[in-house]
Amino acid sequence: MKGNVIVGQSGGPTAVINSSLAGVFKTARDRGAKTVYGMLHGIQGFLDGKVVDLSKHITSDLDIEILKRTPSSYLGSCRYKLPEVSKGNEIFEQIFARLKDLEIEYFFYIGGNDSMDTIKKLTDYAEIIGSDIKFMGVPKTIDNDLAVTDHTPGFGSAAKYIGSITKEVIRDGLVYDKANVTILEIMGRNAGWLTGAAALARGEDCEGPDMIFLPEIPVDVDEFVQKVKALQDKKNAVVVAISEGAKLPDGRYVCELSDNVDSVDAFGHKQLSGTATYLANKCARELGCKARAIEFSTLQRCASHIVSRVDITEAFQVGGAAVKAAFEGETGKMVILKRVSDDPYQCTTDIYDVHMIANVEKKVPREWINEEGTYVTQDFLNYVRPLIQAELTPIMVDGLPRHLCCEELRRG
Ligand code: F6P
C-alpha cells in the first residue's frame with residue numbers, strides 16, 4: 001500500500017490534459033495509493049482548501065475513458081505564481097501544513113513552464129524543511145514550448161485541429177471570383193510551434209496557407225501588407241497564418257497596435273489577442289479588398305472531437321510515468337518524451353530535473369523557418385506530422401460527445 005496522492009492541473013487547458021489526469025489517477029490507484037485527491041483550481045484552490053477525493057468522481061473504467069476524452073481541465077486551473085522560496089514563508093508553510101493534514105506523500109502537477117515553477121519551488125521548500133513528499137511535474141501545453149522534452153502533450157491535438165481547420169478555411173476562400181484576404185490568428189504565446197502547424201494543411205488537395213508568421217521572426221506591418229499585395233497579383237484568395245505572439249521589429253507585440261484591453265497574469269504574461277483583426281483591417285483599408293480575421297482562440301485547445309490518438313495516448317502515458325517515478329522515490333522532476341524514431345514514430349518517457357525546465361521557453365529553431373521568415377521548412381513538418389496521427393472518437397450520446405464534469409467546478 002502506498003500513501004496518499006494529490007494531483008492538480010494548472011495553466012491553459014488542452015484537449016488531452018484530462019488524459020494525463022486519468023493516467024495519474026489510474027496508475028496511482030493500480031499501484032496501491034490509499035486516496036487520490038484532486039485540487040480544484042490548482043495550487044491556488046489548494047491554498048483555499050479546495051480538494052476533492054477523486055475516487056468519488058471517477059468511479060468506473062467508463063468514467064476513465066470519458067475523462068480522457070473530456071477537453072479542458074477537469075479539476076479547473078489557475079495562473080498562480082508562488083513566492084520565491086525562503087524558510088518560514090507563510091504561503092509555503094500553509095501549503096505544507098495542508099499537505100500534512102491530508103497525509104500526502106506524492107504531489108503531481110500537470111502543466112507548462114509556469115506550472116513547473118510551482119513544482120520546482122515546492123521541491124526546494126521540501127528540501128529546506130526536510131519533508132519527504134515527492135513532487136513531480138507532468139508536461140502539457142498546446143504551445144509546445146517546454147524545454148528538454150521532444151514535445152508536449154496537447155500540442156499534437158491542437159496541431160491536428162489547426163491543420164484541419166486551415167484546410168477548410170482555405171477551401172472556403174476559393175468560392176468567390178474576387179480578391180479576399182483571410183488572416184488566421186493562432187495561439188502559442190512566444191513560440192511559433194502551433195502557428196507553424198498551419199503548414200500541415202499543404203498537400204495534394206490543398207495549397208496550404210500562403211504565408212506563416214511566427215513570433216521568432218519580427219514582422220514589419222507595412223511589409224506584411226506589401227507581401228499580401230504581391231500575392232494578390234497572382235491569386236484571388238490569400239490566406240495567412242500568424243501567431244498571437246507575433247512581434248514588431250521594436251519588440252512590441254503586433255496585437256499591441258490594436259485597441260484590445262490588456263490583461264496580465266501572475267507570471268507577467270499579457271493576454272495576446274487582436275493581431276489578426278489589426279492586420280485584416282489594415283489590408284482591407286490599404287488594399288481595398290475584403291479581409292477577414294479568424295482568431296482560433298479557445299477552440300484550438302478544446303477541440304476534443306479531433307484529438308490525435310498519438311497525443312491522447314502519450315498524455316495518459318506521461319501521467320502514469322510520473323506516478324511510477326514518484327513511487328520509486330523520485331522528486332523535483334518532470335516527465336519528458338524522448339523520440340526514438342520518426343518512421344515508424346516511437347517515443348519513450350524519461351524524467352528530468354524540473355529546475356532546468358521551469359520558466360524556460362523553447363522556440364522554433366531558426367533553421368526550421370525559411371530564409372524570408374514567412375514559412376516553416378520540411379524539417380519542421382517532419383517533426384510535427386507524427387504527432388497528429390490517428391484519431392480517438394469521442395463517446396457520442398444523443399449526437400454529441402459526452403464529457404465528464406466536475407460538479408464542484410460547475411457550482412463555482
Ligand atoms: O499557454 C497556453 C495558452 O493557451 C497560450 O497559447 C495562450 O497565450 C494562453 O494560454 C492564453 O491563456 P488564458 O486562457 O489564460 O488567457
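Across the whole of this predicted model, a search finds 24 salt bridges. One of them joins R29 and D30, whose closest N and O atoms are 3.8 Å apart. How exposed are the two partners of this pair? R29 has a relative accessible area of 34%, and D30 has one of 48%. Because partly exposed residues are those between the limits of 20% and 50%, R29 is assigned to that class, and D30 is likewise partly exposed.

Another salt bridge links the side chains of D265 and R79, with a distance of 3.8 Å from N to O. R79 leads the reader on to the ligand, since R79 is one of the residues that surround the ligand. The others named in this shell are I142, D143, M187, G188, R189, E244 and R301. By character, the shell consists of five charged residues, two nonpolar ones and one polar one. Where in the protein is the ligand found? The ligand occupies the largest pocket.

Several residues of the shell approach oxygen atoms of the ligand through polar atoms of their own. In D143, an N or O atom of the side chain is 2.6 Å from an oxygen atom of the ligand. E244 also contributes its side chain, a polar atom of which lies 2.6 Å from a ligand oxygen. G188 takes part through its backbone, where an N or O atom lies 3.1 Å from an oxygen atom of the ligand. On its own, the ligand has 400 Å² of accessible area, and the protein covers 78% of that area.

How values were computed:
Residues are numbered from 1 along each chain as its sequence is written. This is a predicted model: local features need pLDDT of at least 70, side-chain atom pairs count only at pLDDT 80 or more; totals for chains, interfaces and linings use all residues. Side-chain values use heavy atoms; hydrogens and water are left out. A residue is near a molecule or strand if one of its heavy atoms lies within 4 Å of it. A polar contact is a pair of N or O atoms within 3.5 Å; within protein, one must be able to donate a hydrogen and the other to accept it, and residues adjacent in sequence count only if both atoms are side-chain atoms. Accessible areas come from the Shrake-Rupley method with a 1.4 Å probe; for residues, only the protein chains shown count as cover. On a 1 Å grid over the protein atoms alone, a cavity is a set of points where a 1.4 Å probe fits but cannot get out, and a pocket is an open set with protein on both sides within 12 Å along at least five of seven lines; lining residues have an atom within 4 Å of a point. A molecule sits in a cavity or pocket if more than half of its atoms lie within 2 Å of its grid points. Ala, Val, Leu, Ile, Met, Phe, Trp, Tyr, Cys and Pro count as nonpolar, Asp, Glu, Lys and Arg as charged, and the others, Gly among them, as polar. A salt bridge is a side-chain nitrogen of Lys or Arg within 4 Å of a carboxyl oxygen of Asp or Glu. Buried means under 20% relative accessible area, exposed over 50%, partly exposed in between (1.4 Å probe, protein chains only).
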